[in-house]
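Please open the model in your viewer and keep the sequence panel beside it. The tour below moves from the whole chain to single residues, with a selection to make at each stop.

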Amino acid sequence: MSVDYAAIKLVHVSAAALSISLFALRGTWMLHSPQRLAQRWVRIAPHVIDTILLASALWLAWQLGADGTRGWLWAKVIALCAYIALGTVALKRGRTRRARIVAFAAALATFGYIVSVAVTKSPLGALARL
């Protein structure tokens, strides 16, 4: 059974959209009603979505091969690590409200960079268009 590249890409993009949407919701709840973050589904759903996101990313990277990436994939991986670190500060580890807000904004900006790298296929992201 052959899996179509376009189908996996659709799964990946959909999972990315769900992931950032849920992150934005959780960030909003962190600011306005933190008790909502304790709901069971809120603690489980991000892990399920992000597992699908990572699995589809690995499949797509394998399909592209080393020659098909030309550095932009590494830029996404490094930015993903930064996004994860910022996200944990924003939602869990930030000691002050201000630190959480700054980390939340930085995580959203980092996600935007990751998307721009994916769209442009350049480590420069949106700056590649200039």
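Which pattern does the protein chain follow when read along the sequence? Colour the whole chain by secondary structure, keeping in mind that this is a predicted model, and the pattern that appears along the sequence is α-α-α-α. The secondary structure comes to four helices and zero strands. Turned along its principal axes, the protein chain has C-alpha atoms that fill a box of roughly 45 × 40 × 20 Å. If you then shade the 130 residues by accessibility, buried residues make up 33% of them. Of the contacts in the chain with a separation of 6 or more, 63% are accounted for by residues 24 or more positions apart.

**Helix α2**

Next select residues 40–64, which form helix α2. The end C-alpha atoms of α2 are 37 Å apart, and this agrees with the 36 Å that its 25 residues should span at 1.5 Å a residue. Show the side chains of V42, P46, I49, L53, S56 and L60, which are the buried residues of α2, and add residues 5–32, since the helix they form, α1, is what those buried residues pack against. Just past the end of α2 is G65, where phi is positive, near 75 degrees.

**The largest pocket**

Now display the surface and go to the largest pocket, in which about 1400 Å³ of space lies. Its lining consists of 42 residues, and S19, D50, L53, L80 and Y83 are the ones nearest the centre. Colour the helices separately to see that α1, α2, α3 (72–93) and α4 (97–120) each supply at least two residues of this lining, while α2 gives the most, with 14 residues. Recoloured by residue class, the lining of the largest pocket divides into 29 nonpolar, six polar and seven charged residues.

**S19**

From the residues nearest the centre of the pocket, pick S19, which lies in helix α1. Is S19 buried or exposed? Its relative accessible area is 9%, which is under the 20% cut-off, so S19 counts as buried. Draw the distance between the side chains of S19 and D50, and you will find a polar contact of 2.8 Å joining them. Leaving aside neighbours within four places in sequence, S19 is in contact with I49, D50, L53 and Y83; of these, I49 and L53 have already appeared among the buried residues of α2.

**L91 and L86**

Move on to helix α3 and select L91, which has its place there. L91 has 11% relative accessibility and therefore counts as buried. Which residues does L91 touch, not counting those up to four places away in sequence? They are F23, R26, G27, M30 and R100. For a sense of scale, draw a line from L91 to G71, 20 residues apart along the chain, and the C-alpha atoms turn out to be separated by 30 Å.

The last selection is L86, also found in helix α3. At 24% relative accessibility, L86 counts as partly exposed, because that category begins where buried, defined as under 20%, ends. Not counting residues up to four places away in sequence, L86 touches A103, A106, A107 and T110. Finish by drawing a line from L86 to A17: the two are 69 residues apart in sequence, and 18 Å apart in space from C-alpha to C-alpha.

Key. Residues are numbered from 1 along each chain as its sequence is written. This is a predicted model: local features need pLDDT of at least 70, side-chain atom pairs count only at pLDDT 80 or more; totals for chains, interfaces and linings use all residues. Side-chain values use heavy atoms; hydrogens and water are left out. The expected span of a helix is 1.5 Å times one less than its number of residues. Buried means under 20% relative accessible area, exposed over 50%, partly exposed in between (1.4 Å probe, protein chains only). Contact means heavy atoms within 4.5 Å. On a 1 Å grid over the protein atoms alone, a cavity is a set of points where a 1.4 Å probe fits but cannot get out, and a pocket is an open set with protein on both sides within 12 Å along at least five of seven lines; lining residues have an atom within 4 Å of a point. Grid points are joined across faces, edges and corners, and a volume is the space filled by probe spheres set on the points. Ala, Val, Leu, Ile, Met, Phe, Trp, Tyr, Cys and Pro count as nonpolar, Asp, Glu, Lys and Arg as charged, and the others, Gly among them, as polar. A polar contact is a pair of N or O atoms within 3.5 Å; within protein, one must be able to donate a hydrogen and the other to accept it, and residues adjacent in sequence count only if both atoms are side-chain atoms.
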